[in-house]
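Okay, thanks everyone for coming. Let me put the structure up so we can walk through it together.

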Amino acid sequence: MTDVHLDPARKHDFVFLIEATDSNPNGDPDAGGSPRTDPVSGQGLITDVAIKRKIRNTVAMLNQHDPKPGYDIYVEAGVALNSQHERAYTALGAKAQQTDARAWMCQTFYDVRMFGAVMSTGKKPAGRVQGPLQLAFSRSIDPITPLEIGITRVTPTRQEDVDAFNNPTDDKKGKETEMGTKHIVPYALYRGSGHFSAPLAARTGVTSDDLDMFWRAFQIMFEHDRAAARGSLALRGLYVFTHADAFGRVPSHTLFDRIRIKQLHDATARSITDYGPIDIDETDLAKDGVTLKRLIG
């Protein structure tokens, strides 16, 4: 196999860079939807859950365009998880055991096979799967400056507000417009990381096609997730370290340390070029049995 980053029998560790410009990359519902921020350092955060959601949506979109078995999505909007478990028993028959249901779920659902799932709920549980591919939180290189922008809508939500505004004899107070807010980060460069475990992949049945789908979905996930608050998110870097075997001989953190980005220590950056060239130390990687693949960057 020439593309070693597609080999599910090898360990992979990867670093990625996400650029946010006048966007909200991951709002915090406990803070009114404002960008997630570390209160101590002021650095911005993007959760692993947010990125996995985008990958799931992209995989579903790609599979809808070119359908093939094994790429259903388990965690899907508007679908109860217990009903997904019941699909396994319906397909396998009344005598199916939980181990059979778990294997069927791995075979049928892409995100179960890759990310794992806790499927122990409902009357027909399917057990628990530890996924081989895991993502960490992404953190901005420097502190961010979240902004709350006021916006106006020219029409109210309720008809009675319009009627009251247009009828001056009405005792009720109407309104002609409604106010709102949007939260954005003027600019931030986030750095995140992920890991792929070959031994766990063998348990769930991950194939090279699955890895190919993951890397493709990762590279285009922002291109089909545009919204008013996410108008300018971009993947600026995706660097994959592939080990010579399933377990690897080099700790992932030492590989990640080889990718160095100059820190400005303030929030004045307005472009990735403000950080200067990204320094990647490839010294002795081959000696350690590690291959570096630049998918982006």
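Let's start with the largest pocket, which has a volume of about 220 Å³. Keep in mind as we go that this is a predicted model. So, which residues line that pocket? Going along the chain, you have M61, L62, N63, H65, D66 and K68, and then D209, D212, M213 and R216. In terms of elements, α1 and α7 each supply at least two residues of that lining. If you sort the lining by class, you get three nonpolar, two polar and five charged residues.

Okay, let me step back for the overall picture. The protein has eight helices and 14 strands. Its C-alpha trace spans about 80 × 60 × 35 Å along the principal axes. There are 297 residues, and 45% of them count as buried.

Now, the closed spaces. Rolling a probe the size of a water molecule over the atoms shows where empty space is left. How many cavities of 30 Å³ or more does the structure hold? Two.

The largest cavity has a volume of about 50 Å³. Its lining is made up of 13 residues, and the ones nearest the centre are D142, P143, Y187, A188 and Y275. If you're looking for it on the screen, find β8, residues 138–143, and β10, residues 178–196, since each of these strands supplies at least two of the lining residues. β8 gives the most, with four. By class, the lining of this cavity has eight nonpolar, two polar and three charged residues.

The second largest cavity also holds about 50 Å³ of space. Here the lining consists of I18, P25, I46, A50, I51, K54, F222 and L233. Which helix gives the most to it? That's α1, residues 48–65, with three residues. You've met α1 already, because it supplies at least two residues to the lining of the largest pocket as well. The class count for this second cavity is seven nonpolar, no polar and one charged.

Right, on to salt bridges. The structure holds 16 of them, and I'll pick out a few.

Take E19 and R236, whose closest N and O atoms are 2.9 Å apart in their salt bridge. E19 lies in strand β1, residues 12–23, and R236 in strand β11, residues 233–243, so this pair ties together parts that are 217 residues apart in sequence. Are the two partners buried or exposed? E19 counts as buried, because its relative accessibility is 8%. R236 has 38% relative accessibility, so that one counts as partly exposed.

Next up is D38 with R139, where the closest N and O atoms are 2.8 Å apart. What does this bridge tie together? D38 lies in the loop between β3 (34–35) and β4 (43–46), while R139 lies in strand β8, so the parts being joined are 101 residues apart in sequence. That's the β8 we saw at the largest cavity, where it gives four residues to the lining. D38 counts as buried, at 15% relative accessibility, and R139, at 33%, counts as partly exposed.

The third one is between two helices. R113 forms a salt bridge with D210, with the closest N and O atoms 2.9 Å apart. R113 lies in helix α4, residues 110–115, and D210 in helix α7, residues 208–220, so the pair links parts that are 97 residues apart in sequence. Both R113 and D210 are buried. And α7 should ring a bell, since it supplies at least two residues to the lining of the largest pocket.

There's also a network of salt bridges to point out, and it links R258, R260, D279 and D281.

Last stop, the surface. Which residues form a nonpolar patch there? L147, I149 and I151 do, with about 200 Å² of accessible area together. I149 is found in strand β9, which covers residues 147–153. Its relative accessibility is 35%, so I149 counts as partly exposed.

That's my tour: we went from the largest pocket, at about 220 Å³, through the two cavities and a few of the 16 salt bridges, out to the nonpolar patch on the surface. Happy to rotate the model if anyone wants another look.

Methods. Residues are numbered from 1 along each chain as its sequence is written. This is a predicted model: local features need pLDDT of at least 70, side-chain atom pairs count only at pLDDT 80 or more; totals for chains, interfaces and linings use all residues. Side-chain values use heavy atoms; hydrogens and water are left out. Patches are made of residues with over 30% relative accessible area and no salt bridge: like charges are joined within 9 Å, nonpolar side chains (Val, Leu, Ile, Met, Phe, Trp, Tyr) within 5 Å. Accessible areas come from the Shrake-Rupley method with a 1.4 Å probe; for residues, only the protein chains shown count as cover. A salt bridge is a side-chain nitrogen of Lys or Arg within 4 Å of a carboxyl oxygen of Asp or Glu. Buried means under 20% relative accessible area, exposed over 50%, partly exposed in between (1.4 Å probe, protein chains only). On a 1 Å grid over the protein atoms alone, a cavity is a set of points where a 1.4 Å probe fits but cannot get out, and a pocket is an open set with protein on both sides within 12 Å along at least five of seven lines; lining residues have an atom within 4 Å of a point. Grid points are joined across faces, edges and corners, and a volume is the space filled by probe spheres set on the points. Ala, Val, Leu, Ile, Met, Phe, Trp, Tyr, Cys and Pro count as nonpolar, Asp, Glu, Lys and Arg as charged, and the others, Gly among them, as polar.
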